[in-house]
Amino acid sequence: MPLSVGKSLLVIFVTGVTIFFTRLIPFLFFPKGKEIPKTVRYLGKALPPAVIAMLVVYCLKSVSITAYPHGLPELIAILTVVALHVWKRNNLLSIGAGTVLYMFLIQAVFT
C-alpha cells in the first residue's frame with residue numbers, strides 16, 4: 001500500500017531532521033579548539049574499515065563457489081574495486097565502478 005502525500009512528506013521531514021541532528025551532534029560535543037578524546041579518535045580510525053569489512057562479509061555470505069558462476073562476478077568486482085581504490089584513492093569511483101561492473105556481469109555475462 002503506497003503512502004499518502006502527507007505521510008511521504010512526514011517521512012522525508014523526519015529523515016531530514018534526523019540527519020541534520022546526527023551531523024550537528026559532533027560539533028556540539030567537540031567544538032573547535034577542544035581536544036577530541038583518545039577513545040573517539042581511535043573509533044574514528046578503527047570503525048570505517050571494520051564497517052567495510054562487515055559489509056563485504058554480509059554481501060558475500062550467500063555466494064556459492066561450488067555452483068555456477070562460482071563467485072566469479074563477485075571476485076571480479078571486488079578486484080576491480082580494490083585496484084581502482086589503490087590507484088585513484090577515490091571511494092565513489094571505486095565503489096561505483098565496482099557496482100556497475102558487478103551488475104553488468106550478473107545481467108549480461110554470467111546469465
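Arg 89 lies in the loop between α3 and α4, the latter helix covering residues 91-109. Although Arg 89 is not a glycine, its phi is positive, at about 55°. The residue is exposed, with a relative accessible area of 61%. The model in which this backbone feature appears is a predicted one.

A comparable backbone feature occurs in the loop between α2 and α3, where His 70 is placed. The phi of His 70 is near 60°, again a positive value in a residue other than glycine. His 70 is partly exposed, its relative accessible area being 40%. The loop between α2 and α3 also holds Pro 69, and the peptide bond that leads from Tyr 68 to Pro 69 is cis, with omega near 5°.

Tyr 68 leads on to the aromatic side chains. The structure holds two aromatic pairs. In one of them, the rings of Phe 20 and Phe 21 have their centres 5.3 Å apart and their planes at 80°, so the pair is edge-to-face; the angle lies over the 60 degrees that this class requires. Phe 21 is partly exposed, with a relative accessible area of 43%. The rings of Tyr 68 and Phe 110 have their centres 6.3 Å apart and their planes at 55°, so this pair is tilted. The pair of Tyr 68 and Phe 110 links distant parts of the chain: Tyr 68 belongs to the loop between α2 and α3, Phe 110 to the segment after α4, and 42 residues separate them. The two partners also fall into opposite classes of accessibility. Tyr 68 counts as exposed, at 55% relative accessibility, whereas Phe 110 counts as buried, at 18%.

The loops and segments named so far connect or follow helices, and the overall fold may now be considered. The secondary structure of the protein consists of four helices and zero strands, and the order of elements from the N terminus is α-α-α-α. The radius of gyration is 20 Å, well over the 13 Å that the globule rule gives for 111 residues, so the protein is more spread out than a compact globule. Along its principal axes, the C-alpha trace spans about 55 × 45 × 25 Å. Of the 111 residues, 8% count as buried; Phe 110, at 18% relative accessibility, is one that does. Among the contacts with a separation of 6 or more, 43% are due to residues 24 or more positions apart.

The surface itself comes to about 9,400 Å² of accessible area, of which 75% belongs to carbon and sulfur atoms. One part of this surface is a nonpolar patch with about 1,100 Å² of accessible area together, whose members include Tyr 42, Leu 47, Ile 52, Met 54, Leu 55, Ile 78 and Val 86. Two helices, α2 (38-60) and α3 (72-88), each supply at least two residues of the patch. The helix that gives the most is α2, with nine residues. Leu 55, one of the patch members, is found in α2 and is partly exposed, with a relative accessible area of 46%.

Helix α3 also offers a view of how the chain meets its later part. Val 81 is placed in α3 and is partly exposed, at a relative accessible area of 24%. When neighbours within four places in sequence are left aside, Val 81 is in contact with Ser 94 and Gly 98. Val 81 and Asn 91 are 10 residues apart in sequence, and their C-alpha atoms are 8.8 Å apart in space.

Charged side chains complete the picture. A search of the whole structure finds one salt bridge. In this salt bridge the side chains of Glu 35 and Arg 41 meet, with an N to O distance of 3.7 Å; the pair qualifies because this distance is within the 4 Å allowed for a salt bridge. Glu 35 counts as exposed, at 64% relative accessibility, while Arg 41 is partly exposed, with a relative accessible area of 40%.

Conventions
Residues numbered from 1 in each chain as written. Predicted model: local features only at pLDDT ≥ 70, side-chain atom pairs only at ≥ 80, totals over all residues. Heavy atoms only, no water. Rg over C-alpha atoms; globule rule 2.2 N^0.38 Å. Buried < 20%, exposed > 50% of the residue type's maximum accessible area, 1.4 Å probe, protein only. Contact = heavy atoms within 4.5 Å. Areas by Shrake-Rupley, 256 points an atom, 1.4 Å probe, with all protein chains shown as cover. Patch = residues over 30% accessible without salt bridge, like charges linked within 9 Å, V, L, I, M, F, W, Y side chains within 5 Å. Phe/Tyr/Trp six-rings, centres within 6.5 Å; stacked < 30°, edge-to-face > 60°.
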